[in-house]
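Work through these exercises with the sequence and the model open. Try each task before you read its solution.

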Amino acid sequence: MRALVLAEHDNSLLKPATLSAVTAALALGGSATVLVAGSGCAKAAEAAGRIAGIDKVLVADHPGLKDALAEPLAALLSSLAPDFDALLAPATSTGKSVMPRLAAMLDVQPVSDIVAVAGPDTFVRPIYAGNALATVKSRDAKRVLTVRATAFAPAGEGEGAAVEALDFAPPPCPVTFVSRTGHAADRPELTSAKVVVAGGRGIGSEAAFAMVGKLADLLGGAVGATRAAVDAGYIPNDSQIGQTGKIVAPDLYFAMGISGAIQHLAGMKDSRIIVAINKDPEAPIFQIADYGLVADVFEAMPKLIDALKT
Amino acid sequence: MKVLVAVKRVVDYNVKIRVAADHGGVETAGLKMSMNPFDEIALEQAVRWKEAGAADEVVAASIGPQASQDTLRTALAVGADRAILVRTDGPVEPLAVAKILKALAERENPDVIFLGKQAIDDDSNQAGQMLAALLGWGQGTFVSAADVEGRTVRVVREVDGGLETLSLPLPCVLTADLRLNEPRYASLPNIMKAKRKPLDVTDPAALGVDVAPRLLVIRVEEPPVRKAGIVVPSVEVLVDKLKNEAKVL
């Protein structure tokens, strides 16, 4: 069993989700190779070389791979596929875009968002917003998988694997990259933060969301939100946690003014400790919270901030 | 411009499902079924294009049992011009869905194929990307804005780090994210009119597609239940518990 893991990176830093995907790849029972595809990505490749347990790093460095578009990445992976039995990527927006495209090129039915490896061809994945877990066995010649990062511990640091440059030029891509707008990077990344402070519609305004941010900053955490809060324009889209947003599982999760729709719970219910503050004692969030406080968030949050400052 | 929209009949998003007693799947009998919410958004965009003069025909397609006709009638009531049901009674995996849609695309020659980014039943998030690969077209996934400018579509995508803008030549495959639009409800007169719009029925065999599943479902289980914790009376007690009991502060 030989597995290839598509690394998630920004050309210099490796995203932690890559480390979880390597753990999943090694759980298949064979070797794991990491593929770093980008433009001017030597630093990311070097970082990938320090992942424990991998046999080597393949690097495809080409201007056509700069923006992580699905078309050239799938073409690259498909050119490497003959040497591998399994191809994996973290279930990030890039992984989710690339891996199904690759799978169709290989005539493989991929398995999305795996949360456990039960055997070299058998995987567990959530369905129906995590209200059921399906164990499925792949009967294709190869496995194409995306990995839910929160379900696998990150691989550690190793001795240093060999880094091998690939001679790859992507075929002409029909799609043109125009621009990317990022959001404040002064906080830890939502999906790998140890603490997440999330707000719902109950926060009521963009201005009030600043208080959620203040609490997050005090704890060195990230800010998350429900779909309702994002739709209302209180906070940018990339903070959305849930079935169709990001999946998080921090040590400590604060649900502020969040009622607890199943679509939101799907994205955070594997957090270690969940704290919920909501004025409605009947809010479903209290059924899964370790610590619930029935209170107005606007009264409780400033008190909490004061208490944590001391 | 012609737009083909794929719509799936799924268990309504407000219904909490139960795992079947034999652990072979999920109980769906008797549950309220609806159009997959992301497909509603894709359809709405296509209909808005038509209303704005950017599209001249919107065709809705669904793959599923006879009852998927209801989903297609809803699509016609919302504004699709005609509908195609690819009738099949067993489960159809995303790869087979992509192959069926490819066969329809070869017959219909659409300029844009619009799908929801994922179906809320199996949460695979695959069909659009696979279809784009099979057709050799560009793909725009997780789209929150889409503007047609001549023979290109400019899309804004919701990605992990924020928003990304791409320009795609036609033909292309797009998948809709939540914030693309707010789908309308069909009006009663339009529901009545939809009954007279054409709805063709075909099946995978007629399109030359083998839908035999590639994945074997071994077992479906309830996820571990999280135990409800305690209700604390005050912020002071909460902080004390987090520090001294949970030890997370």
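**Exercise 1. One residue in chain A**

A:A44 sits in helix α2 (residues 42–49) of chain A. Helices here are DSSP runs of H or I with at least four residues, strands are runs of E with at least two, and both are numbered from the N terminus. The model is predicted: local features need pLDDT of at least 70, side-chain atom pairs count only at pLDDT 80 or more, and totals for chains, interfaces and linings use all residues. Residues are numbered from 1 along each chain as its sequence is written, while chains are lettered from A and ligands numbered from 1 in the order in which they are written.

Task: decide whether A:A44 is buried or exposed, and list what it touches.

Solution.
- Step 1. Apply the cut-offs: a residue is buried with 20 or more other C-beta atoms within 10 Å of its own, exposed with 12 or fewer, and partly exposed in between; C-beta atoms are placed from the backbone.
- Step 2. Count for A:A44: 26 other C-beta atoms lie within 10 Å, so A:A44 is buried.
- Step 3. Define contact: the C-beta atoms of two residues, placed from the backbone, lie within 7 Å.
- Step 4. Leave out residues up to four places away in sequence; A:A44 then touches A:A7, A:H9, A:N11, A:S12, A:L13, A:L14, A:V36 and A:G38.
- Step 5. Take A:L14: it is 30 residues from A:A44 in sequence, yet their C-alpha atoms are 5.5 Å apart.

**Exercise 2. The parallel sheet of chain A**

Task: give the strand order of the seven-strand open sheet and find the helices that pack on it.

Solution.
- Step 1. Strands count as paired if DSSP finds at least two bridges between them.
- Step 2. The order is β5-β9-β4-β1-β2-β3-β10 (chain A), with parallel pairing.
- Step 3. β5 (111–114) and β10 (162–165) of chain A have a single partner strand each, so one side of each lacks a neighbour in the sheet.
- Step 4. Neighbouring strands of this sheet are turned by 25 degrees against each other on average, direction ignored. Axes are lines fitted to C-alpha atoms, for helices over the stretch in contact, and angles run from 0 to 180 degrees between N-to-C directions.
- Step 5. Look at one pair: β2 (residues 31–38) and β3 (residues 56–61) of chain A run parallel over six bridges. Here A:L35 stands opposite A:L58 in β3(A).
- Step 6. Add helix α3 (residues 70–80) of chain A, which touches β1, β2, β3 and β4 of chain A and makes about 145 degrees with β2(A).
- Step 7. Helix α1 (residues 17–27) of chain A lies across β1 (2–6), β2, β4 (86–90), β5 and β9 (143–147) of chain A, at about 150 degrees to β4(A).

**Exercise 3. A sheet across two chains**

Task: which strands form the four-strand open sheet, and which are at its edges?

Solution.
- Step 1. The order is β6(A)-β7(A)-β8(A)-β14(B), with antiparallel pairing.
- Step 2. β6 (116–119) of chain A and β14 (215–221) of chain B are the edge strands; each pairs on one side only.
- Step 3. Three bridges join β6(A) to β7 (residues 122–127) of chain A. A:V117 has A:F123 as its bridge partner in β7(A).
- Step 4. Widen the view to the whole interface: 63 residues of chain B contact 70 residues of chain A. On the chain B side, β11(B) gives the most, with eight residues.

**Exercise 4. Helix α3 of chain B**

Task: check the length of α3(B) and find what covers its buried residues.

Solution.
- Step 1. The expected span is 1.5 Å times one less than the number of residues.
- Step 2. For the 15 residues of α3(B) (residues 94–108), that gives 21 Å; the end C-alpha atoms are 20 Å apart, which agrees.
- Step 3. Its buried residues include B:P94, B:V97, B:I100, B:L101 and B:L104.
- Step 4. Their cover includes α4 (93–105) of chain A and, from chain B, β1 (2–6), β6 (57–64), β7 (82–87), β8 (112–116) and α4 (127–135).
- Step 5. Just after α3(B), B:N109 takes a positive phi of about 50 degrees.
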